Amino acid sequence: MSRRVEDLERQALDELSRASSEREALREARNRYLGRKGEVAELLKGLGTLSPEERKKAGEAINNLKTRLEEAFDKALSALDEGEKRERLEKERVDITLPGKFIRPGKLHPVTRITDEIEDIFTGLGFNIAEGPEVELDYYNFEALNFPKDHPARDMQDTFFVSDEFVLRTHTSPVQIRVMEKCRPPLRVIAPGTVYRRDSDLTHSPMFHQIEGFMVDRDISFANLKAVLTLFLERLFGQTAVRFRPSFFPFVEPGAEVDIRCVICGGNGCRVCKGTGWLEILGAGMIHPNVFRAVSYDPEEYTGFAFGLGVERVAMLKFGIGDLRLLFENDMRFLEQF
Amino acid sequence: MLFSYNWLKEYLEGAPPARELAERLTMTGTEIESVAETGGGFTNVITAQVVECEKHPNADKLSLCKVRTGKEELAIVCGAKNMKPGDKVALALPGAELPGGFKIKKSKIRGVESQGMMCSEVELGLKDTSEGIMILPEDAPLGVDFRTILGADFMMEAGITPNRADLLSIRGMAREAAAVTQAVFKEKEFKVDEAGRPIAECATVSIEKGAPCRRYAARVIEGVSIGPSPDEIKNRLEAHGVRSINNVVDVTNLVLLETGQPLHAFDLDKLNGASIIVRSAGEGETIATIDGKTRNLDPSTLVIADANAPVALAGVMGGGGSEVTGSTKRILIESAWFEPSSVRRASRKHALSTESSYRFERGVDIEGVTRALDMAASLVLKLAGGKAAKGSIDMYPEKYAPAEITFRTERAARVLGVRVTTDEALNILSRLGIAGREASPGIISAMPPSYRMDLTTEIDLMEEVARIFGYNNIPTTLPIAAMSPGETAMATALRRSIRSLLSGSGFTEVMNYSFVSRELFAMAGVKAGKGVELLNPLTEEQAVMRAGLIPSLLENMARNLAWKREDLRIYEIAPAFVPGEGLPEERWKLAGLLYGNRYEPGWSFPKDAVDFFDAKGVIERLFEGLGIEGARFEASGHPLLHPGKTAAVKLEGRHAGVLGELHPDLWGRYGLRKPAYVFELDIEPVEKASGKGKKYRELPRFPESARDIAFIVSEDVPFGDIYEAIRKTDLKTIETVELFDVYYGRNIPSGTRSLAVRVTYRSRERTLTNQEVEDTHGKVVKTLFERFKAEVRVS
C-alpha cells in the first residue's frame, strides 16, 4: 500500500510540474488526484480491504499524502495567480511623467492680495474696516480735511470733477471724516478703497488704490504713530529699517513721510530708490486740530494719528513689478502669476 | 525747486558739504530729491595759454599749436580756427577723461604728435552747442585744474511742500539750512545810489480801495542801456531753468530766484500817464500778455493798469505793451504783495502758471518787498547803468503785525510722546527765527517771523519743534487701548467669500478703470446722458463712470484673445455709478465672463466649449457657497445677450442680476469664434440673501428608495416647472429630484425631448414600505401625464 501511495505521489507531482504554468491543466490534475472521485479518494476506498492495523497506518499515510498534494497544488495555483496578477499590474503601469490633471483655481488680483494682507495686519491690531463713496463731496475730500478752497495744497492732488461740488475722491482720507462724524472715540479704523487722480504716465495711474488708517483717543501721540507704523511695515515687508521724515499734508500736523530701506538693493542705492537707499511708503501724521473741529471733536480732549499708503506701490515692490500699467491691463499672462 | 549749492553758500558761513546738507534738509522736512554735480564731468583738464599757431604740415584743415601750461610747452594738434596766440584755453592732458567716457591719449595726427586736446564747451559737457574751442577770460591763471576755475557746483532739486513758501528762494533755503545745521546765515547788503530826480516826478502809484494788494513798492531808474547780461548771470539763470532775456529782465528774475520776491520791470515811457493803478479789471477789458496771447478780463482778476488800460495781470504776467525792450530808457521796477487766493484764481482762470504766480499763491514775505526791490535796483545800476530816482514808492497801508502764539510744553509732550524741555523748545524756535519767551512756567509765547506765514497756531510750532528735535529721536511707543476685535465690514467679508468661491470655480480677478468711453457706457444698457460724467476727463476713453461691468469684461476678453489667450474665466467686483439726488448711487456689482474650453487644454480633458449652463452653474455654486437658497432663474432679455439664452436671477423675489450668452451680433466686434457667456449680479440682494448662517440638518436614519422615470414631453415645457410639480407631489417623502438625461433626436418626435429624472423617496420618521413608494411614484407619473402631457417611457 505504501508503495502505491509513493507511486501516486510521484505521479501527481510529475503531472503538477508539467502543468504548473497552465491553470486549467492544474485544476484538472488537482481534481484527478484530489477530487471526490480522484485517485486519492480511490486509495481511501481501498482501505476497507486491509486489516485494522494496516488500515490505520495506510489511512494515515494517505491522509498525509492528501495534505501534501493539496499544499503542492494550492501553492502552484497561487504562484500562478501571483504571476498573473504581477503581469496584469505590469500592464496597468502608467507614464507617471505625464502632467497631472486638475481644475485650475483662479487667481486674485495682486492689488486684492496686498489689500487683504494689509487689512489682516490691522484687524489683528484691533482696527475696524470702513468704506466710503468714490464720488465724494468736495467738503469731505478737501474742506473738512483742512484744504481750504483756492489753496495751493489742492494742487498736490490733481482732481477729476463731476460737478462743482462732487469730485472723484483723490484719497481715502474722506472716510476719516465720515467715520468720525458718526462715531465717537476711541477709534481704530482702516479704510481701503479706490481713488482717482488726474495724472497718467509711467508711474501714475488715473485710478489706483489706497488704504487709509487712523487711531483717535485721549492720549495718542506721535510716538504711538511711529510704533504702530513700524510694527505694520515690519509685518508687511519683514524686518526692515524704517525712518520718519517731516512732511506736509494739510490734514495732519506734525506730518511725516515714512521710508523703508530699499527692498530691491538693501540700501546700496539703485534705480528703484533713485540711489537714496530708501523707499517712500507711507504718508502719516497727527490728525490736525482743524479736522477734529470739522467733526466736532474737542482737539484739546482728543489726539490721534492718521496714515495712508498706495496699494499698487506695495504690490509692485513686493512682487517686483516694474510697470504700473500692467496692473490694469488685465493680461491673463500677468494675472495668473499671482 | 532747483537750486545751486554755491549760490546758497553765498548766504552761509560754515556750510556742510553738499551731500551732507541734502541729507540734513531731507531729514528735517525739505526733501532733496536729487543732487547733481555740475561742471565736474571731466578730469585732468587744466588752464593753458596758446603761444603760437601754425598750419599743420600735412593737413589743410588742422592747426599745430604750441601751448604753455606754466610748467612746460606742449604741441597740440587742433581742428578749430577760433584761437590765436595769447588766448587762454582749457587743455585736456593725456590721461584726461571727458564726459561720455572719452579718454585723451598722446597720439599722432597726420604724422604729428599731439600732446593733449584743447576743449570746446561741448566736449567738456558745459553746453549743447559751441563754435570752436572754449576761450577763457584773460585773467584766468595758468596750469590750474579747470574745475576750480569753473567752480564745480551741485544742483539740488528740492520738493517744497505747499506750506513752505519761504523756501522758494536761495535766501530762504539758506536760512533753513542754517537752522538745521551748524552753518550761520549771513545777510547780503545792497545800497541803491539814488543819483536821479525825485521819484514823485517820474511816476505815481495808487491802489484801488479793497484791491487784494497789501503792499506795492516801486523804484524808477532812468537812462538805462538794455543789453545782454554778463555770462555769469546768464549761466546762473540757465542753470535754474530761466532763459536769459536782457540785463534788466534778467535782474528781476535773478532777484526772484534769490529772494523769492517776484518783480516786474515796466518800460516807464510806455505807461500812459506814468502811473500805476492796482485795480480790478473792468468788464470787457483785454490784455496782451508777454507770451503773445490776448486775454479777456473781468472784475474777478486783479490787474496793474496805467492811466488807460491794464498793463499786467497782477502777480502772474506782464503785458507785452510795456515790457522792457532794446530801446527802453526808463524803467519802473515793481515789487508788491498780492493776496495768494487772488493770484491763484487769476492763474487758474487764465491757465497761466509762472514763477511769479507760483510764489504769490503760496505767499511771499510782505516784509521783504523793499529789500528785494533795492537789490534789483542796485543790480540794474551795475549792469545797465542809469540813475535811480531819489526815494522809492512804498504803498503799505496796513503794516504786518506778528501774532503771538502760545506753546505749552506739557501739551507738546502729550502730542509728540516725548518731553522737550522749555529751554530746548526755546532754542529750537530761536534757530528758526521765531522769537520766543517763557511767559509762565512751561508756557512759551512765540512770534514767528513774517516769512513764516504757515505758522499760526500751537500745532504749527509743535511740528517745528518736532522736526528740528528730529523725528527719529522721538521714541516708538505702542499705544495702550481697550481690547476690541478688529471688525471687517460685512461688505468686505462678503466680497472676500465671493472671491474665494470664484477662485475655486477657476475665475481670475480683473480690475478695470471705473471710467469708460461713452460707447462702452451705453453698452451697459443705460440711456445716454444718464451717467455720471467727468467735467475734466483725461481722454474720451475715460469720460463717464461706468453703469455696469460687463462691457469692460468684454474688452478684457478681446485683448486677451489678441494675446492668444483663448480660454477665459474672469470676474470683477466694483461699483457701478448711477446719478442720484445728491451723490451718485454706488451699486456694487459682481460680473463674470466665460469663454472657450470648459477645461484647460490638456492631454486628456474633453475639449468641449463652455455653454450657458456652465455660467449658470457658476452662479449656483456661488450661491451654495454663500448659503443662499431659493434662487430663481427666469427667462429674460438683455440688449447684449442672446434672446433665447438669457436668464434673470431672482433672490427672495427681487431682481438680483442677469446671465446669458453674448448676442451673436456682437461676435464680430470682439473677434469671437465661439459663444461667450457673461453674468452680472448686484451685491446688495446677494448680501441680504446670504446673511442666514448655516444650520446642521440631522442625517437621515431611514433608508431611501430611488426610482427613475424617462418621459417624452414638449420642448416648450420648462424643466423648472416639471421639477416643481414632482417635488410638490409629496413634499414629505420626495427627498430629491435629479435630472440625469436630456435627449433630443432619433425616436423622439420633433418639438419634444426626452427627459430622465431620478426621484428619491425617504421619510424622516420611518422606513417607507415598497407599496408606499410605488403609490407616490404612481402619483408622480400621473402628474407628469396630466399636467404636461408627458409620455412616460420607463418608470
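**Notebook: a sheet in chain B and the A/B contact**

I began with strand β40 of chain B, residues 705-714, and found that three bridges join β40(B) to β43(B), the two strands running antiparallel. The model I am reading is a predicted one.

For the register of this pair I looked up one position: B:A710 stands opposite B:V794, which belongs to β43(B).

Next I went through the helices on the sheet. Helix α19 of chain B, residues 719-729, packs on the sheet and touches β41 and β42 (752-761) of chain B. I noted an angle of about 150° between the direction of α19(B) and that of β41(B). Helix α20 of chain B, residues 770-788, also packs on the sheet, where it touches β40, β42 and β43 of chain B. The direction of α20(B) makes about 10° with that of β40(B).

I then wrote down the whole sheet. It is open and has four strands, in the order β41-β42-β40-β43 of chain B, with antiparallel pairing. Which strands are at the edges? They are β41 (734-743) and β43 (791-794) of chain B, each pairing on one side only. On average, neighbouring strands of this sheet are turned by 30° against each other, direction ignored.

Last, I turned to the contact between the chains. I recorded 75 residues of chain A in contact with 78 residues of chain B. Which element gives the largest share of the side of chain A that touches chain B? I found helix α8 of chain A, residues 222-237, with seven residues. By residue class, that side of chain A has 40 nonpolar, 17 polar and 18 charged residues.

Conventions:
Residues are numbered from 1 along each chain as its sequence is written. Chains are lettered from A and ligands numbered from 1 in the order in which they are written. This is a predicted model: local features need pLDDT of at least 70, side-chain atom pairs count only at pLDDT 80 or more; totals for chains, interfaces and linings use all residues. Two strands pair if DSSP finds at least two bridges between them. Axes are lines fitted to C-alpha atoms, for helices over the stretch in contact, and angles run from 0 to 180 degrees between N-to-C directions. Two residues are in contact if their C-beta atoms, placed from the backbone, lie within 7 Å. Ala, Val, Leu, Ile, Met, Phe, Trp, Tyr, Cys and Pro count as nonpolar, Asp, Glu, Lys and Arg as charged, and the others, Gly among them, as polar.
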